[in-house]
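Here are some questions about how the terms used for a structure follow from its computed values, each taken up in turn.

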Amino acid sequence: MRVFIAGIDGYLGWPLAIYLNARGHTVAGADLLLRREWVAEVGGISALPIAGREERLAAFKDKAGAELDFRVGDLTDYQFVKGCIQDFQPEAVVHLGQMPSAPYSMMDQAHCVWTQQNNVINNLNILWAMKEAASAAHLIKLGTMGEYGTPAVDIPEGFFEVEFRGRKDRLPFPRQAGSWYHQSKVHDSHNTDFASKIWGIRATDIMQGVVFGTRIPEMGDDMRMRTRLDFDQCFGTAINRFCCQAVIGHPLTLYGLGMQRRGFLPLADSMQCLALAVENPPEAGEYRVFNQFENAYSISELAQLVKCVAADIGLSVEINRYVNPRTELEDHYYKPDRQHLLDLGYQPTRDIQSVVRETLLELLDNKGRIEGHADVLIPDIRWDGVHRRSEVIR
Ligand code: USQ
């Protein structure tokens with residue numbers, strides 16, 4: 001299939017290009033390379049060195065034997081987006097090209113407004129470009145499990161079914177997002193559902209959990225194929241951050257009680273799930289929702305897991321609780337459904353211990369990069385807007 005990846009330079013976008021190419025798909029994509037700038041803006045760096053765009057293009061050509069059409073441009077510029085879709089004529093568009101950090105969106109008015117403008121407008125541009133230039137294509141839109149929040153009931157996949165006086169209907173499950181970033185994804189979901197209804201666009205909205213890990217087998221040994229791994233308070237996420245902390249002997253930063261539960265998924269299995277969605281499109285006009293994660297864990301369970309795996313390779317790890325910079329429930333019910341991907345044949349290929357071990361070993365070779373930026377490990381962006389460094393809870 002011809003697959004266009006919006007956000008092809010990111011943590012997920014670059015491995016997805018490699019993965020889909022290895023499965024025989026023709027891939028193209030676009031990116032403004034902003035992730036590299038945001039991480040630098042908050043004082044971070046990728047813990048693993050990554051190649052620049054030109055090197056990535058050369059590596060892709062060496063592997064695939066063909067040029068990759070990877071355009072640099074702004075997805076909030078409609079003419080750019082429409083040009084990409086018109087020229088490439090995709091059968092599927094995977095939209096990963098958004099600002100993905102909750103803390104970044106909570107910094108101040110400018111970061112909140114920019115996040116929502118960027119994310120909501122670029123999704124609308126993709127929907128319009130598909131309607132005008134590739135109306136039969138399938139949109140696979142990256143949403144987030146965080147759209148649902150943490151309600152005290154089971155979470156279905158996007159909708160719950162109702163029946164009244166013989167009429168069946170499906171109603172969107174309530175969204176209770178926990179940051180301006182997560183709210184931007186809620187707006188995208190509503191807009192995508194509406195575009196499916198009015199224009200017949202086929203769409204899969206992926207409510208993905210937190211992704212972790214550094215590798216997919218299709219990268220081989222070519223260092224230029226590596227994806228980034230962030231550890232700062234904005235772009236680093238729970239397991240990846242804990243692994244980076246473990247290799248430099250920094251205490252793991254558990255926020256608050258640490259009983260917050262989330263769904264998690266290794267990078268390799270995120271690729272498998274996205275490919276399953278691409279290869280099994282819905283009908284024209286169908287908007288479907290997949291909850292995409294492998295297992296749910298509490299943050300405290302994850303910290304203990306990283307500590308145990310680190311001990312196996314000779315690293316001694318301490319876990320500290322810090323004042324939670326976020327406004328979120330710290331101990332709650334969490335039971336989301338994830339049947340749709342299983343029905344399509346999703347089979348987890350990696351267990352969490354082996355991915356954490358592989359990540360720790362890979363990070364050990366690069367620990368100087370983390371040590372040099374260790375000040376980004378303690379959070380100071382607070383949801384109440386009064387930013388200050390979190391203290392350890394004794
Ligand atoms: N947390 C800690 N310590 C840390 C970092 C995080 O205890 O050092 C806690 C947070 O308070 C939160 C949980 O871990 O309760 C998850 O935080 P996170 O930073 O790993 O993930 P989150 O902010 O939810 O966002 C990430 C991605 C986002 C994606 C989302 C999926 O950045 O793009 O949408 O995961 S989900 O979490 O399911 O909403």
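Q: Which secondary-structure elements each supply at least two residues of the shell around the ligand?
A: In this predicted model, the elements that each supply at least two shell residues are α7 (180–199), α8 (238–247) and β10 (252–255). The shell holds 22 residues, and Pro 100, Tyr 181, Ala 238, Thr 253 and Glu 328 are the closest. By class, the shell divides into 10 nonpolar, 8 polar and 4 charged residues.

Q: What makes the approach of Arg 241 to an oxygen atom of the ligand a polar contact?
A: The cut-off for a pair of N or O atoms is 3.5 Å, and a polar side-chain atom of Arg 241 lies 2.8 Å from a ligand oxygen, so the pair counts as a polar contact. His 182, with a side-chain N or O atom 3.1 Å from an oxygen of the ligand, and Arg 262, with a polar side-chain atom at 3.3 Å from a ligand oxygen, are set against that cut-off of 3.5 Å too. Of the 720 Å² of accessible area that the ligand has on its own, the protein covers 94%.

Q: How do you know that the length of helix α12 agrees with its number of residues?
A: At 1.5 Å a residue, the 13 residues of α12 (residues 352–364) should span 18 Å, and because the end C-alpha atoms are 18 Å apart, the two values agree.

Q: Why are the buried residues of α12 said to be on the same side of the helix?
A: The buried residues of α12 are Ile 352, Val 355, Val 356, Thr 359, Leu 360, Glu 362 and Leu 363. They cover an arc of only 165 degrees around the axis, and therefore they lie on the same side of α12.

Note on methods. Residues are numbered from 1 along each chain as its sequence is written. This is a predicted model: local features need pLDDT of at least 70, side-chain atom pairs count only at pLDDT 80 or more; totals for chains, interfaces and linings use all residues. Side-chain values use heavy atoms; hydrogens and water are left out. A residue is near a molecule or strand if one of its heavy atoms lies within 4 Å of it. A polar contact is a pair of N or O atoms within 3.5 Å; within protein, one must be able to donate a hydrogen and the other to accept it, and residues adjacent in sequence count only if both atoms are side-chain atoms. Accessible areas come from the Shrake-Rupley method with a 1.4 Å probe; for residues, only the protein chains shown count as cover. Helices (H or I, at least four residues) and strands (E, at least two) are DSSP runs, numbered from the N terminus. Ala, Val, Leu, Ile, Met, Phe, Trp, Tyr, Cys and Pro count as nonpolar, Asp, Glu, Lys and Arg as charged, and the others, Gly among them, as polar. The expected span of a helix is 1.5 Å times one less than its number of residues. Buried means under 20% relative accessible area, exposed over 50%, partly exposed in between (1.4 Å probe, protein chains only). The arc is that of the directions from the helix axis to the C-beta atoms.
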